[in-house]
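The following exercises are to be worked with the sequence and the three-dimensional model at hand. Each task is followed by a solution in steps.

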Amino acid sequence: MNFDITKLQHALSTYMCAEVKLEAKNGCLISVETPFFFADGDPYQIYIQEMPGGLIRLSDMGHTMMHLSYENDVDKFRTGTRGKLLEQILAEMSVEEDNGAFFIETPIEEIGQNIFRLGQALTKVYDLSFLNRSRNESTFYEDLQEELFKVVGEDKVVKDYFYDKMENAQDYPIDYRIEGKHAPLFLFGIPNKDKARLTTMIIERLLRVEADFDSLLIFSDLGAIPKQDLARLSNAGGEIISSLDAKRDFSRKLLRKISLN
């Protein structure tokens with residue numbers, strides 16, 4: 001290894017106005033201690049590796065994805081809305097990925113700004129985990145469908161169903177129809193107050209034409225729905241699941257209503 005660690009450390013400290021420590025880990029790597037930390041207090045892991053052509057590689061060596069895997073299914077970060085956001089983050093920050101490791105290759109003269117850029121990218125990637133706790137509308141529907149298919153099986157679910165025995169049925173979409181034990185089960189996902197109001201209208205419309213059905217209402221966050229909207233929806237009918245985090249309730253209430261034969 002031909003690096004002058006003291007010189008590198010001075011360059012980094014000057015650029016970032018923060019204390020940066022370098023430590024040789026073995027004959028091939030130097031670890032970089034930065035002020036970047038995950039929400040649980042663990043520091044970011046960033047390493048310097050010498051590359052051909054006078055370049056150096058700044059890499060997290062896969063630590064960020066491993067850290068996310070402690071509390072998340074990291075496969076979700078490769079598909080759907082999360083997958084698109086991950087691709088967008090890497091493109092915006094000009095960060096590459098190799099088998100789960102995020103890295104930037106840079107000349108030594110630009111190491112300071114690129115460590116800062118890699119730290120920003122790792123922060124954005126880590127923030128994707130918050131979509132599990134505060135789902136936006138698109139990821140809520142993705143997660144709802146994933147959980148539904150796990151319990152029921154995709155072949156038993158009709159998505160975007162319309163009850164064609166009433167006028168203007170296309171104006172009253174039903175998220176999912178599943179064959180029930182006593183009547184068809186109409187399942188609605190409710191990520192916000194607007195969907196709560198629409199679902200109330202749809203159920204009332206179905207009741208008005210005397211449709212034979214059972215219903216199940218899955219909220220993204222029951223506590224976020226205004227009380228009046230929730231009261232109207234509860235009066236219309238339907239069993240409630242407060243959030244997708246209540247996986248056992250979701251499975252139990254769903255299996256109690258449907259026929260898997």
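The secondary structure of the chain comprises 8 helices and 11 strands; helices (H or I, at least four residues) and strands (E, at least two) are DSSP runs, numbered from the N terminus. The model is predicted: local features need pLDDT of at least 70, side-chain atom pairs count only at pLDDT 80 or more, and totals for chains, interfaces and linings use all residues. Residues are numbered from 1 along each chain as its sequence is written, and side-chain values use heavy atoms, with hydrogens and water left out.

**Exercise 1. Overall dimensions**

Task: Compare the radius of gyration of the chain with that of a compact globule of 261 residues.

Solution. Step 1: The radius of gyration is taken over C-alpha atoms, and the globule rule is 2.2 Å times the number of residues to the power 0.38. Step 2: For 261 residues a compact globule would come near 18 Å, whereas the chain has 25 Å. Step 3: The box filled by the C-alpha atoms, taken along the principal axes, is roughly 80 × 40 × 30 Å. Step 4: Of the 261 residues, 46% count as buried, where buried means under 20% relative accessible area, exposed over 50%, and partly exposed in between (1.4 Å probe, protein chains only).

**Exercise 2. The five-stranded sheet**

Task: Determine the strand order of the open sheet of 5 strands and identify its edge strands.

Solution. Step 1: The order is β7-β8-β9-β10-β11, with mixed pairing; two strands pair if DSSP finds at least two bridges between them. Step 2: β7 (157–161) and β11 (239–241) each pair on one side only, which makes them the edge strands. Step 3: From one strand to the next, the twist averages 25°. Step 4: Strands β9 (residues 185–190) and β10 (residues 214–219) run parallel and are joined by 6 bridges. Step 5: Bridge partners in β10 include Leu 217 for Phe 188 and Leu 216 for Leu 187. Step 6: Because 5 of its 6 residues are buried, β10 is largely enclosed by the rest of the structure.

Task: Which strands does helix α8 touch?

Solution. Step 1: Helix α8 (residues 247–257) packs on the sheet and touches β8 (174–178), β9, β10 and β11, contact meaning heavy atoms within 4.5 Å. Step 2: The direction of α8 makes about 155° with that of β11. Step 3: Axes are lines fitted to C-alpha atoms, for helices over the stretch in contact, and angles run from 0 to 180 degrees between N-to-C directions.

**Exercise 3. Salt bridges around Lys 257**

Task: Trace the salt bridges made by Lys 257 to Asp 214 and to Glu 239.

Solution. Step 1: A salt bridge is a side-chain nitrogen of Lys or Arg within 4 Å of a carboxyl oxygen of Asp or Glu; the whole structure holds 13 of them. Step 2: Lys 257 and Asp 214 meet at 3.0 Å, N to O. This pair links distant parts of the chain, with Lys 257 in helix α8 and Asp 214 in strand β10, 43 residues apart. Step 3: Lys 257 also meets Glu 239, at 3.3 Å, N to O. Glu 239 lies in strand β11, so this pair ties together parts that are 18 residues apart in sequence. Step 4: Lys 257 is buried at 13% relative accessible area, whereas Asp 214 at 29% and Glu 239 at 22% are partly exposed. Step 5: Asp 214, Glu 239, Arg 256 and Lys 257 are linked in a network of salt bridges.

**Exercise 4. A salt bridge within one helix**

Task: Explain how Asp 229 and Arg 232 are placed relative to each other in helix α7.

Solution. Step 1: The closest N and O atoms of the salt bridge between Asp 229 and Arg 232 are 2.8 Å apart. Step 2: Because the two residues are 3 apart in helix α7 (residues 227–236), about one helical turn separates them. Step 3: Asp 229 is buried at 2% relative accessibility, while Arg 232 at 43% is partly exposed.

**Exercise 5. Positive phi values**

Task: Locate Met 61 and Ser 94 and state the phi value of each.

Solution. Step 1: Most residues other than glycine have a negative phi. Step 2: Met 61, with a positive phi near 55°, is found in the loop between β4 (55–59) and α2 (63–69). Step 3: Ser 94, with a positive phi near 55°, lies in the loop between α3 (80–92) and β5 (96–98). Step 4: Met 61 is partly exposed at 43% relative accessibility, and Ser 94 is partly exposed at 49%.
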